[in-house]
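Here is a short tour of one protein structure, written to be read with the model open beside you. We begin in the interior and then turn to charged pairs and backbone details.

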Amino acid sequence: MKKTLLAAVIPAVLFSATASAVEIVKSDEALVDFYGQLRTEIKKLEDKDVTLNAGSSRAGVQAQYKVNDTVDVFGKVEFGLNYTTDTEDYAMKNRLHFAGLDTQFGKISFGRQWVVADDIYGADYSYFFGGTGLRYSTLSGARHDSLIKYNYEGENFILAANYGLPEDDSNQELSELFVASSFGGFNFHLGGGVNRDKTVSIADGVSADIENTYYEGTVEYTFGPALIGFTYYNAELENKATGATIDEDAYSLAGTFSWADNATAYAGYEYTDQKSDAFTEDGDGKLFYIGTDYHFNSWSRVYVEYAYADGSTLGYTNKESDSFVGIATADGESSFAVGARVYW
């Protein structure tokens, strides 16, 4: 489940959420960790049989070395084990591969990384089904192979930006800029980006030049054991050859409640309105989800979630399940899932 905004962004690029990592090297000048997660999930989707498989298990090595009093160098390589429903097979694939510098003027990293919009994310606290209202990943799937990313942490604000190299159109061209801050019990951020793919497959042997331009704002408020968040997204997908567009407005309202020291319940409602002047019908998508997790200790947890979906989506990423859902339509469909994780 996604942490609150600043808790997710402020920690160091490498060593957040890896408290259980196995230390290979540790000294005043160097830190090298071997880390990973074993994930298992059971899912029951509408009109589908129950499935049991790996839920994006992964492992990696991350390192950080001190150059001098103001500069560190760092790097990470991570591989994931994902079950592919189309081939009914498991495939080991590279998830992340980057290196960079950490200075008093901010962190800069180069390579295969999650885009800034995915780091920042929005008001979705689900493990499985949420994220339909967060419209940045329609083309990118939330990751770029040749990304230059910059993060600067000020005294009470964060500035984050990235640029994805198109490399003779073998990659998508991507630019994003976000700012975040907090005040009292409030966390908030705003920003946007432009993502262009000149070779989007729209039919067998047919491709198009598509650009996704998106803007969003998120506010979260924490009070006692509860948190509530709201995100508004506006996006426009444009076919650069014809000028045809799909305009999207999306709203996500969600919250969490810690019902025990080691357990948190969560729920959310997402609504996406889509209007087109050419190559798709107008439509909207609605999603409601509810669930809870239970942490046995710092290195293991279980979680359950139910979702009800109705309407259409042009594709979205659920960050916590590390899955991208393509164009899909649901007609009042219910889904249920159970997951478990062990960390090291």
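## The nonpolar cores

In this predicted model, the largest nonpolar core has 20 residues. Val115, Ala117, Tyr136, Tyr214 and Tyr233 are the members with the most contacts inside it. Four elements, β6 (89-103), α2, β10 (173-183) and β13, each supply at least two residues of this core, and α2 gives the most, with three residues. In soluble globular proteins, nonpolar side chains tend to be buried together.

Val115 is a good residue to click on next. Setting aside residues up to four places away in sequence, Val115 touches Tyr136, Ala142, Arg143, His144, Leu147, Asn162, Leu174 and Glu176. Apart from the largest core lies another one, of 13 residues. Ala123, Leu227, Leu287 and Tyr303 are among the residues of that second core.

## Salt bridges

How many salt bridges does a search of the whole structure find? The count is 17. Side chains of opposite charge can pair when their charged atoms come close.

One of these pairs joins Lys149 and Asp119, with 2.7 Å from N to O. Lys149 sits in strand β8 and Asp119 in helix α2, so this bridge links distant parts of the chain, 30 residues apart. Lys149 counts as buried at 7% relative accessibility, whereas Asp119, at 25%, is partly exposed.

Lys240 and Glu211 also meet in a salt bridge, at 3.6 Å from N to O. Because Lys240 lies in the loop between β13 (226-239) and β14 (245-260) while Glu211 belongs to strand β12 (residues 206-223), the pair ties together parts that are 29 residues apart in sequence. Lys240 is partly exposed, with a relative accessible area of 33%; Glu211 is buried, at 16%.

Asp273 and Lys275 form a further salt bridge, their closest N and O atoms being 2.3 Å apart. Here Asp273 is buried at 17% relative accessibility, and Lys275 is partly exposed at 45%. Elsewhere, Arg58, Glu78, Arg95 and Asp322 are linked in a network of salt bridges.

## A buried arginine

Is Arg341 buried or exposed? With a relative accessibility of 3%, Arg341 counts as buried, because the cut-off for that class is under 20%. Arg341 is found in strand β20 (residues 328-343), and a polar contact of 3.1 Å joins its side chain to that of Tyr343.

The surroundings of Arg341 are worth displaying too. Leaving aside neighbours within four places in sequence, Arg341 is in contact with Gln37, Leu38, Arg39, Tyr127, Trp299, Ser300, Arg301, Tyr303 and Glu320. Tyr303 in that list is also one of the residues of the 13-residue core.

## Two positive phi angles

Most residues other than glycine have a negative phi. Which value does Tyr121 take? Its phi is near 60°, a positive value in a residue other than glycine. Tyr121 lies in the loop between α2 (116-120) and β8 (143-153), and this residue is buried, with a relative accessible area of 1%.

Ala142 has a positive phi as well, near 85°. Its place is in the loop between α2 and β8, and at 0% relative accessibility Ala142 counts as buried. Ala142 also brings us back to the starting point, as one of the residues that Val115 touches.

How values were computed
Residues numbered from 1 in each chain as written. Predicted model: local features only at pLDDT ≥ 70, side-chain atom pairs only at ≥ 80, totals over all residues. Heavy atoms only, no water. Buried < 20%, exposed > 50% of the residue type's maximum accessible area, 1.4 Å probe, protein only. Polar contact = N/O pair within 3.5 Å; in protein donor to acceptor, adjacent residues only side chain to side chain. Contact = heavy atoms within 4.5 Å. Salt bridge = Lys/Arg side-chain N within 4 Å of Asp/Glu carboxyl O. Core = buried A, V, L, I, M, F, W, Y, C linked by side-chain atoms within 4.5 Å.
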